[in-house]
Structures are given as C-alpha cells and as structure tokens.
Amino acid sequence: MGRKVSGEATMEELRELEASLQKDPDLRYKLSVLSNWPQPAGNTEWETRTERALDKHLERMQQEFPQEELPVKRVRRNFRKWVAVLSILVVVLGGYCIYLLSVKYPQKAGKAAMAAIYTRDGSRSRAQLPDGTEVWLNGGSRLTYDPDMNNLGNREVTLEGEAFFDVAKNAAKPFSIHTSKMDIKVLGTSFNVKAYTGDHTTEATLITGAVEVTLNDGVERNVKLAPNQKIILHHTPADKLTQPNLIAGYKVENIRSNAQDSMVAETAWCDNYLVFDNDNFEDIALKMERWYGIKIHLNGNKLKDYHFTATFKNESFSEVLEALKVTTSFHCRIVSNEVFITQ
C-alpha cells in the first residue's frame with residue numbers, strides 16, 4: 001500500500017494489492033486513510049529550506065555578537081542531531097497522548113472495532129465477509145460489520161445503500177441485515193436489499209431460500225418472502241408517523257425475469273447491467289447519479305413523469321442519454337460533473 005501511495009508500485013504489485021483487497025475488505029479502509037495522508041515535502045527541499053533558515057539565524061547572531069567567532073559547521077551538525085532527537089520526542093509524546101486518551105476513554109471490554117466497506121457513486125465492488133458470505137455493493141453504499149462475527153452468536157451487518165448477498169449457510173448462527181426501515185433475517189440464501197437513505201422506498205428481493213423481513217416504519221410488522229418475491233416499503237414523512245392511519249404501506253409482489261436470458265432487473269446491476277423497468281425519469285436520474293458518479297438536475301415536473309424501459313451494459317452516460325432521447329424530447333447541458341436536463 002505504501003508503494004502504491006508513493007507511486008513506486010509496479011503493475012505486478014498493484015495486481016497483488018487488488019487481490020489482497022478483495023480477500024480482506026478491512027484493507028480498503030486502511031488504504032483510503034493512507035491515500036488521504038498529507039504527503040511530506042521531499043528531503044532535498046526540506047534540507048534546503050532548513051539550511052536557508054539557519055543561515056539567516058547565524059547572520060543575525062553575527063550582527064549581535066560581531067567579536068565572537070561562531071562554529072558554523074559544528075552548529076549545522078548539531079542542528080541536524082537536534083532535529084532527529086526532537087522528531088523522536090514528538091513520536092514518543094504522541095504515543096503517550098494516545099495512551100492517556102485510551103486510559104481516560106477505555107473501550108468496552110470485548111467490543112471489537114467495526115469494519116466497513118464503502119463504494120462511492122460511479123463504482124461497484126465485491127467482497128467476502130469473515131463468515132464466507134459474498135456481498136456485492138452498488139454505488140454510494142456502505143456496509144458495516146463486526147470482523148469477529150464468527151465468534152459471536154449472530155452474524156449481523158448494517159447496510160446503507162444497495163447490496164446483493166449470497167449468505168453462507170450456518171443454521172446455528174442466523175444472518176441479519178439492518179437498515180433504517182427494515183431488518184432481514186436469513187439462514188442461507190441469496191437476495192438483494194435496496195435501502196438508500198434519500199429514497200422514497202426500501203426494497204428487499206429474494207432470489208433463493210427464505211427470509212423474514214421486519215418492518216420498522218412506525219409499526220413493527222413481520223413479513224416472510226418466498227423465492228422470486230420482493231417487498232417494497234414506502235417511507236412515511238417524519239411528521240406523519242404519530243398518526244397511525246397515515247403510516248406508509250408496503251406491498252409484496254412477484255419479480256419478473258427476462259424470458260431470453262432469465263435476467264432479473266433487481267439484481268442485474270451485479271453483472272454490470274443498468275436496467276430501467278418502467279421507471280420514471282426522477283428515479284432514472286437517481287440511478288444514473290449512482291451509476292456514473294454525477295449530479296443530475298431535472299427542471300420541469302413533466303419530465304419527472306416520463307417512464308422508460310431499457311437495458312444498458314458498458315454504455316457511457318452520453319450514450320444512455322441519446323438512447324432516452326429517441327422516445328422523449330428533452331435538452332441536456334453538461335457542466336463539469338453536473339448535468340442539467342430541461343424540456
């Protein structure tokens with residue numbers, strides 16, 4: 001990781017690092033921290049600036065004490081030694097401060113630090129959890145879990161965004177996914193969860209096995225899904241949660257697959273397909289923001305009511321827009337990383 005950050009890694013080392021990141025998701029967070037660490041100035045530049053500052057200081061001393069001969073060379077050598085000593089003291093004092101903080105704010109006994117996997121908008125990733133569960137994360141998603149889950153009674157993760165899970169079977173330890181609006185409990189199965197914070201709905205799509213979904217949107221309800229079913233929970237505005245008759249509802253429906261290739265729209269993103277299944281333009285804009293890592297502005301209520309059905313793979317953002325224009329007339333203006341769409 002150090003060679004990658006410093007720009008010294010060879011292609012073989014980069015491939016080896018990528019393989020390690022796939023095996024150990026915790027390394028991604030460490031690499032992110034290391035990549036954002038401020039880069040120190042080069043040794044030559046630092047020495048030059050140090051020597052220049054020392055020369056100015058010695059000139060001032062000569063003016064103040066013109067009768068005394070100053071051992072310049074010795075001062076330079078001693079100065080470098082003092083810099084080395086001070087650097088060591090800084091490290092020691094830093095470690096002592098961390099020790100004092102750990103004593104004052106001790107962690108709870110037995111509570112391990114949580115691990116997290118992030119994907120930014122415009123990217124997708126695949127990882128394996130410590131229990132063997134395979135996870136695919138869509139753009140703009142975050143998954144947190146206890147790295148010591150194999151030694152705990154339950155396997156639990158928390159999701160913000162969208163993820164597809166292929167859960168490793170373990171009848172003795174149920175696997176649970178927590179989102180802000182629903183919790184999902186399984187033993188061994190494959191399913192998709194879409195739980196972005198800003199969306200109007202939270203969805204869970206079951207492909208194989210069986211799951212039990214607990215809804216937490218005002219009233220706690222349990223729903224069991226069968227294979228090829230999905231549940232859609234419509235969120236309720238916060239100011240209406242106190243009124244039971246206005247609590248948002250949910251629906252369970254069967255998922256549809258393409259007759260030619262058996263592709264399921266809800267999980268096609270795992271195979272790098274961008275699918276619109278009679279989606280309105282507002283939802284499509286949100287999908288494309290996460291898919292391409294851009295910001296889209298829709299100007300005009302009529303635009304938001306347009307619906308599209310299409311499938312794309314490896315097409316650029318511009319190519320997708322041109323395809324949508326075939327059936328609907330709209331204007332597009334791109335400024336840096338922002339897109340403005342008008343009627």
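This section walks through the pocket, the ring contacts and the strand pairing of a predicted model.

A good place to start is the largest pocket, whose volume comes to about 1,400 Å³. Its lining is made up of 50 residues. For a reader who wants to find the centre of this pocket on screen, the residues to look for are K194, E203, D279, D283 and K287, which lie nearest to that point. Several elements give two or more residues to the lining of the largest pocket. Among the strands that do so are β8 (190–195), β9 (201–208), β12 (229–234) and β13 (250–254). Further along the chain, β14 (273–280), β15 (295–299) and β16 (307–313) contribute in this way too, as does the helix α6 (281–292). Sorted by class, the lining of the largest pocket holds 18 charged residues, together with 16 polar and 16 nonpolar ones.

Strand β14, one of the contributors to that lining, also holds a backbone detail that may catch the eye. N278 lies in this strand, and its phi is positive, near 55 degrees, in a residue other than glycine.

Aromatic side chains form another theme. The count of aromatic pairs in the model is seven. Ring pairs bring F165, F175 and F191 together into a cluster. Rings also meet charged groups. At Y196, the charged end of R290 sits over the ring, 3.3 Å from its centre. At W291, the face of the ring has R124 lying over it, at 3.6 Å from the ring centre.

Turning to the strands, it helps to recall that strands of a sheet pair through backbone hydrogen bonds, in either a parallel or an antiparallel sense. In the model, an open sheet is formed by three strands in the order β15-β18-β17, with mixed pairing. Its edge strands, each paired on one side only, are β15 and β17 (331–335). From one strand to the next, the twist averages 20 degrees. Within this sheet, β15 and β18 (residues 338–342) run parallel, and their pairing covers five bridges. A handy landmark in that pairing is L298, which stands opposite I341 in β18. The loop between β17 and β18 contains S336, a residue that has a positive phi of about 55 degrees although it is not a glycine.

Strand pairing is also found among β5, β6 and β7. Here β5 (residues 155–166) pairs with β6 (residues 175–178) in the parallel sense over four bridges. On its pairing with β7 (residues 182–186), strand β6 is antiparallel, again over four bridges. The connection from β6 to β7 is a hairpin that passes through three residues. H178 is a convenient point from which to follow both pairings: T158 stands opposite H178 in β6, and H178 in turn stands opposite D183 in β7.

Methods. Residues are numbered from 1 along each chain as its sequence is written. This is a predicted model: local features need pLDDT of at least 70, side-chain atom pairs count only at pLDDT 80 or more; totals for chains, interfaces and linings use all residues. Side-chain values use heavy atoms; hydrogens and water are left out. On a 1 Å grid over the protein atoms alone, a cavity is a set of points where a 1.4 Å probe fits but cannot get out, and a pocket is an open set with protein on both sides within 12 Å along at least five of seven lines; lining residues have an atom within 4 Å of a point. Grid points are joined across faces, edges and corners, and a volume is the space filled by probe spheres set on the points. Ala, Val, Leu, Ile, Met, Phe, Trp, Tyr, Cys and Pro count as nonpolar, Asp, Glu, Lys and Arg as charged, and the others, Gly among them, as polar. Rings of Phe, Tyr and Trp (its six-membered ring) pair if their centres lie within 6.5 Å; planes under 30 degrees apart count as stacked, over 60 as edge-to-face and the rest as tilted. A charge sits over a ring if NZ of Lys or CZ of Arg is within 6 Å of the ring centre and within 35 degrees of the ring normal. Two strands pair if DSSP finds at least two bridges between them. Axes are lines fitted to C-alpha atoms, for helices over the stretch in contact, and angles run from 0 to 180 degrees between N-to-C directions.
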